[in-house]
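The following paragraphs lead through a single protein chain, beginning with its charged side chains and continuing to its cores and its confidence scores. The reader is invited to keep the structure in view throughout.

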Amino acid sequence: MTPVISARDLSVHLDGRRVLHDVNVEIAPGEIVTIVGPNGSGKSTFLRALIGAVPLTSGRVDRAPDLRIGYVPQKLALDATLPITVQRFLSLPHRIGKVEAAEALARAGAPDLATRQLMDLSGGQFQRVLLARALLEKPQLLLLDEATQGLDQPGSAAFYQRIEQVRQEMGCAVVMVSHDLHVVMAASDRVLCLNGHICCQGTPEVVADAPEYRALFGTGTRGALALYRHKHSHSHDHPHDHSHAGTE
(Lines give C-alpha, C1' and ligand atoms only; values in the text may rest on other atoms or scores of the structure.)
Protein backbone atom coordinates (compact mmCIF):
# COMPACT_ATOMS: atom_id res chain seq x y z
CA MET A 1 0.00 0.00 0.00
CA THR A 2 1.50 3.33 -1.06
CA PRO A 3 2.16 5.60 1.97
CA VAL A 4 0.35 8.93 2.18
CA ILE A 5 3.54 10.42 3.60
CA SER A 6 6.99 9.13 4.50
CA ALA A 7 10.16 10.45 6.11
CA ARG A 8 13.54 9.15 4.94
CA ASP A 9 16.67 9.61 7.08
CA LEU A 10 15.13 12.81 8.44
CA SER A 11 17.29 15.02 10.64
CA VAL A 12 16.48 18.47 12.07
CA HIS A 13 18.67 20.96 13.93
CA LEU A 14 17.11 23.97 15.67
CA ASP A 15 19.23 26.80 17.09
CA GLY A 16 22.33 24.70 16.57
CA ARG A 17 20.92 21.76 18.54
CA ARG A 18 20.15 18.36 17.05
CA VAL A 19 16.47 17.67 17.68
CA LEU A 20 15.83 14.72 15.33
CA HIS A 21 18.16 12.35 13.54
CA ASP A 22 17.81 9.36 11.24
CA VAL A 23 14.01 9.19 11.44
CA ASN A 24 12.38 6.79 8.99
CA VAL A 25 8.59 6.54 9.00
CA GLU A 26 5.85 5.57 6.56
CA ILE A 27 2.20 6.40 7.22
CA ALA A 28 -0.29 4.14 5.43
CA PRO A 29 -3.71 5.33 4.24
CA GLY A 30 -6.32 5.12 6.99
CA GLU A 31 -4.09 4.15 9.90
CA ILE A 32 -3.93 5.92 13.25
CA VAL A 33 -0.35 6.41 14.40
CA THR A 34 0.46 7.95 17.77
CA ILE A 35 3.82 9.44 18.66
CA VAL A 36 4.86 9.30 22.30
CA GLY A 37 8.06 10.40 23.97
CA PRO A 38 9.43 12.47 26.84
CA ASN A 39 9.41 16.25 26.84
CA GLY A 40 11.96 17.63 24.40
CA SER A 41 12.07 14.43 22.37
CA GLY A 42 11.20 16.16 19.08
CA LYS A 43 7.56 15.10 18.74
CA SER A 44 6.14 18.50 17.72
CA THR A 45 9.19 19.19 15.57
CA PHE A 46 8.57 15.95 13.72
CA LEU A 47 4.98 16.95 12.87
CA ARG A 48 6.17 20.37 11.75
CA ALA A 49 8.81 18.72 9.58
CA LEU A 50 6.13 16.59 7.91
CA ILE A 51 4.19 19.70 6.87
CA GLY A 52 7.31 21.62 5.83
CA ALA A 53 7.17 24.15 8.68
CA VAL A 54 10.78 23.54 9.75
CA PRO A 55 13.80 23.06 7.46
CA LEU A 56 15.42 19.63 7.29
CA THR A 57 19.11 19.30 8.01
CA SER A 58 19.16 16.12 5.97
CA GLY A 59 16.81 13.49 4.61
CA ARG A 60 13.50 14.09 2.92
CA VAL A 61 9.72 13.95 3.28
CA ASP A 62 7.73 12.38 0.45
CA ARG A 63 4.02 13.11 0.18
CA ALA A 64 1.38 11.50 -2.01
CA PRO A 65 0.50 13.71 -4.99
CA ASP A 66 -1.85 16.57 -4.05
CA LEU A 67 -2.00 15.32 -0.47
CA ARG A 68 -4.58 17.21 1.60
CA ILE A 69 -3.41 17.74 5.17
CA GLY A 70 -5.42 18.91 8.18
CA TYR A 71 -3.46 20.17 11.18
CA VAL A 72 -4.64 20.69 14.77
CA PRO A 73 -2.02 22.64 16.75
CA GLN A 74 -1.07 22.08 20.35
CA LYS A 75 -2.45 25.50 21.24
CA LEU A 76 -3.58 28.65 19.48
CA ALA A 77 -2.98 32.05 21.04
CA LEU A 78 -5.91 34.42 20.48
CA ASP A 79 -6.65 37.86 21.87
CA ALA A 80 -9.13 37.28 24.70
CA THR A 81 -10.88 40.55 23.84
CA LEU A 82 -11.45 39.60 20.21
CA PRO A 83 -15.19 39.29 19.51
CA ILE A 84 -15.43 36.48 16.98
CA THR A 85 -17.94 33.69 16.54
CA VAL A 86 -17.03 30.11 15.73
CA GLN A 87 -18.58 30.52 12.26
CA ARG A 88 -16.40 33.56 11.58
CA PHE A 89 -13.30 31.80 12.92
CA LEU A 90 -13.88 28.86 10.59
CA SER A 91 -14.19 31.32 7.70
CA LEU A 92 -10.67 32.67 8.18
CA PRO A 93 -8.87 33.20 5.87
CA HIS A 94 -11.35 31.89 3.27
CA ARG A 95 -15.06 32.40 3.73
CA ILE A 96 -17.09 29.21 4.03
CA GLY A 97 -20.85 28.74 4.02
CA LYS A 98 -22.98 27.88 7.01
CA VAL A 99 -23.76 24.40 5.68
CA GLU A 100 -20.10 23.55 5.21
CA ALA A 101 -19.26 24.89 8.68
CA ALA A 102 -22.14 22.94 10.23
CA GLU A 103 -20.98 19.71 8.58
CA ALA A 104 -17.42 20.16 9.87
CA LEU A 105 -18.60 21.01 13.37
CA ALA A 106 -20.93 18.02 13.45
CA ARG A 107 -18.11 15.73 12.32
CA ALA A 108 -15.91 17.15 15.06
CA GLY A 109 -18.59 16.50 17.67
CA ALA A 110 -19.51 20.15 18.19
CA PRO A 111 -22.74 20.63 16.19
CA ASP A 112 -24.22 23.53 18.15
CA LEU A 113 -21.30 25.92 18.43
CA ALA A 114 -21.42 27.95 15.19
CA THR A 115 -22.98 31.05 16.75
CA ARG A 116 -21.03 30.92 20.02
CA GLN A 117 -18.28 33.39 20.83
CA LEU A 118 -14.90 31.69 20.54
CA MET A 119 -13.74 33.06 23.88
CA ASP A 120 -16.75 31.61 25.70
CA LEU A 121 -15.88 28.01 24.81
CA SER A 122 -14.48 25.45 27.21
CA GLY A 123 -11.11 23.88 26.45
CA GLY A 124 -12.73 20.76 25.05
CA GLN A 125 -15.13 22.75 22.87
CA PHE A 126 -12.29 24.88 21.52
CA GLN A 127 -10.27 21.79 20.59
CA ARG A 128 -13.25 20.42 18.68
CA VAL A 129 -13.56 23.72 16.81
CA LEU A 130 -9.87 23.46 15.87
CA LEU A 131 -10.57 19.90 14.70
CA ALA A 132 -13.54 21.13 12.64
CA ARG A 133 -11.30 23.72 11.03
CA ALA A 134 -8.80 21.02 10.09
CA LEU A 135 -11.60 18.85 8.67
CA LEU A 136 -12.67 21.65 6.32
CA GLU A 137 -9.64 20.64 4.23
CA LYS A 138 -11.22 17.17 3.77
CA PRO A 139 -7.82 15.81 4.74
CA GLN A 140 -6.28 12.56 3.62
CA LEU A 141 -3.83 13.04 6.49
CA LEU A 142 -4.86 14.54 9.82
CA LEU A 143 -2.08 15.70 12.16
CA LEU A 144 -2.79 16.48 15.82
CA ASP A 145 -0.14 17.95 18.11
CA GLU A 146 -1.17 17.11 21.70
CA ALA A 147 -4.69 18.22 20.85
CA THR A 148 -6.02 17.05 24.23
CA GLN A 149 -3.55 19.06 26.31
CA GLY A 150 -5.42 20.58 29.24
CA LEU A 151 -8.36 18.17 29.03
CA ASP A 152 -9.09 15.66 31.77
CA GLN A 153 -8.90 11.95 31.01
CA PRO A 154 -12.63 11.50 30.19
CA GLY A 155 -12.41 14.54 27.90
CA SER A 156 -9.31 13.14 26.24
CA ALA A 157 -10.92 9.73 25.78
CA ALA A 158 -14.00 11.32 24.21
CA PHE A 159 -11.80 13.34 21.85
CA TYR A 160 -9.88 10.23 20.76
CA GLN A 161 -13.14 8.38 20.16
CA ARG A 162 -14.20 11.25 17.91
CA ILE A 163 -10.92 10.96 15.99
CA GLU A 164 -11.62 7.26 15.44
CA GLN A 165 -15.06 8.17 14.06
CA VAL A 166 -13.50 10.79 11.77
CA ARG A 167 -11.08 8.16 10.48
CA GLN A 168 -13.94 5.79 9.76
CA GLU A 169 -16.07 8.44 8.05
CA MET A 170 -13.35 10.16 6.01
CA GLY A 171 -10.85 7.34 5.55
CA CYS A 172 -7.97 9.64 6.45
CA ALA A 173 -4.70 8.64 8.05
CA VAL A 174 -4.14 10.18 11.48
CA VAL A 175 -0.84 11.04 13.16
CA MET A 176 -1.18 12.20 16.77
CA VAL A 177 1.35 13.45 19.26
CA SER A 178 0.11 12.54 22.71
CA HIS A 179 1.12 12.49 26.35
CA ASP A 180 -2.03 10.57 27.38
CA LEU A 181 -0.31 7.21 27.54
CA HIS A 182 -3.18 5.44 29.27
CA VAL A 183 -5.68 6.53 26.64
CA VAL A 184 -3.50 6.31 23.58
CA MET A 185 -2.85 2.60 23.93
CA ALA A 186 -6.47 1.86 23.03
CA ALA A 187 -6.75 4.57 20.37
CA SER A 188 -3.91 3.66 18.00
CA ASP A 189 -3.12 1.14 15.31
CA ARG A 190 0.57 1.84 15.74
CA VAL A 191 2.69 3.66 18.31
CA LEU A 192 6.04 5.33 17.61
CA CYS A 193 8.26 5.97 20.62
CA LEU A 194 10.39 8.99 19.77
CA ASN A 195 13.38 10.37 21.66
CA GLY A 196 15.35 12.25 19.03
CA HIS A 197 15.08 9.12 16.92
CA ILE A 198 12.60 6.26 16.80
CA CYS A 199 13.38 4.06 19.79
CA CYS A 200 10.74 1.46 18.97
CA GLN A 201 7.46 1.11 17.13
CA GLY A 202 4.63 -1.33 16.59
CA THR A 203 1.19 -2.11 17.93
CA PRO A 204 0.53 -0.67 21.41
CA GLU A 205 1.07 -4.09 22.96
CA VAL A 206 4.43 -4.56 21.25
CA VAL A 207 5.66 -1.10 22.17
CA ALA A 208 4.59 -1.40 25.82
CA ASP A 209 6.74 -4.54 26.09
CA ALA A 210 9.76 -2.99 24.36
CA PRO A 211 12.73 -2.34 26.67
CA GLU A 212 13.35 1.03 24.99
CA TYR A 213 9.82 2.14 25.89
CA ARG A 214 10.05 0.87 29.45
CA ALA A 215 13.36 2.67 29.91
CA LEU A 216 11.58 5.96 29.12
CA PHE A 217 8.18 5.43 30.75
CA GLY A 218 8.49 2.49 33.14
CA THR A 219 5.69 -0.06 33.27
CA GLY A 220 2.87 2.25 34.41
CA THR A 221 0.95 2.05 31.13
CA ARG A 222 0.49 -1.73 31.19
CA GLY A 223 -3.05 -1.35 32.56
CA ALA A 224 -4.09 0.43 29.39
CA LEU A 225 -3.45 -2.74 27.44
CA ALA A 226 -6.62 -4.28 28.86
CA LEU A 227 -8.49 -1.69 26.79
CA TYR A 228 -6.37 -2.49 23.78
CA ARG A 229 -6.94 -6.25 24.09
CA HIS A 230 -10.67 -5.75 24.56
CA LYS A 231 -10.89 -3.52 21.50
CA HIS A 232 -9.01 -5.95 19.28
CA SER A 233 -9.92 -9.31 20.83
CA HIS A 234 -12.15 -10.20 17.86
CA SER A 235 -9.72 -9.02 15.19
CA HIS A 236 -7.21 -11.71 14.27
CA ASP A 237 -5.92 -9.95 11.18
CA HIS A 238 -5.27 -6.36 12.15
CA PRO A 239 -5.19 -4.19 9.00
CA HIS A 240 -2.28 -2.08 10.22
CA ASP A 241 -0.18 -4.52 12.22
CA HIS A 242 3.35 -3.18 11.91
CA SER A 243 4.40 -5.12 14.99
CA HIS A 244 8.12 -4.84 15.01
CA ALA A 245 9.86 -3.23 17.94
CA GLY A 246 13.46 -2.38 17.40
CA THR A 247 15.85 0.43 16.81
CA GLU A 248 15.91 2.32 13.56
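In this predicted model, R167 and D189 form a salt bridge in which the closest N and O atoms are 2.9 Å apart. The pair connects distant parts of the chain, since R167 belongs to helix α5 and D189 to the loop between α6 (181-184) and β8 (190-194), 22 residues apart. Both R167 and D189 are buried. Salt bridges with shared partners join E164, R167 and D189 into one network.

The other link in this network is the salt bridge between the side chains of E164 and R167, with an N to O distance of 2.9 Å. E164 and R167 are three residues apart in helix α5, and therefore about one helical turn separates them. The underlying geometry is general: an α-helix has 3.6 residues a turn, so residues three or four places apart point the same way. E164 counts as buried because its relative accessible area is 17%, under the 20% cut-off. For R167 the corresponding value is 13%, and so this residue is buried as well.

Seven salt bridges are found in a search of the whole structure. One of them is formed by D62 and R60, whose closest N and O atoms are 2.8 Å apart. Here the accessibility is of another kind: D62 counts as partly exposed because its relative accessibility is 29%, and R60 counts as partly exposed because its value is 49%.

How far from E146 is the nearest side chain of opposite charge? That side chain is K43, 4.4 Å away, and E146 is buried yet has no salt bridge. The absence follows from the cut-off, because a salt bridge requires a side-chain nitrogen within 4 Å of a carboxyl oxygen. E146 is located in the loop between β6 and α5. Leaving aside neighbours within four places in sequence, the contacts of E146 are K43, Q74, V177, S178 and H179.

K43 leads to helix α1 (residues 43-50), which is mostly covered, with six of its eight residues buried. The buried residues of α1 are K43, T45, F46, L47, A49 and L50. After α1 comes G52, whose phi is positive, near 80 degrees.

The discussion now turns to the nonpolar interior. In soluble globular proteins, nonpolar side chains tend to be buried together. The largest nonpolar core in this structure has 34 residues, of which L90, V129, L131, L142 and L144 touch the most other members. At least two residues of this core come from each of α2, α3, α4, β6, α5 and β7 (173-177). The most is given by α4, with seven residues. Apart from this core lies another, of 27 residues, among them A7, V25, I35 and L143.

L144 shows how such a core residue is surrounded. Not counting residues up to four places away in sequence, L144 touches L47, V72, L131, F159, I163, V174, V175, M176 and V177.

Helix α4 (residues 123-135) deserves separate attention. Its 13 residues, at 1.5 Å a residue, should span 18 Å, which agrees with the 18 Å between its end C-alpha atoms. The buried residues of α4 are F126, Q127, R128, V129, L130, L131, A132, A134 and L135. Among the elements that cover these buried residues are β5 (69-72), α2 (86-90), α3 (98-107), β6 (141-145) and α5 (153-170).

At the level of the whole chain, there are nine helices and nine strands. Of the 248 residues, 48% count as buried. Among the contacts with a separation of 6 or more, 70% are accounted for by residues 24 or more positions apart.

Confidence remains to be considered. The protein chain averages a pLDDT of 85, and 87% of the residues score at least 70. Among the elements, strand β1 (residues 5-14) has the highest mean pLDDT, at 98, and helix α9 (residues 225-232) the lowest, at 45. Over residues 223-248 the pLDDT is below 50, and beyond near neighbours in sequence this stretch has 54 contacts in the model.

Conventions: Residues are numbered from 1 along each chain as its sequence is written. Side-chain values use heavy atoms; hydrogens and water are left out. Helices (H or I, at least four residues) and strands (E, at least two) are DSSP runs, numbered from the N terminus. The expected span of a helix is 1.5 Å times one less than its number of residues. Buried means under 20% relative accessible area, exposed over 50%, partly exposed in between (1.4 Å probe, protein chains only). Contact means heavy atoms within 4.5 Å. pLDDT is the predictor's confidence in each residue, from 0 to 100. A nonpolar core is a set of buried Ala, Val, Leu, Ile, Met, Phe, Trp, Tyr and Cys residues joined through side-chain atoms within 4.5 Å. Lys and Arg count as positive and Asp and Glu as negative; His and the chain ends are not counted.
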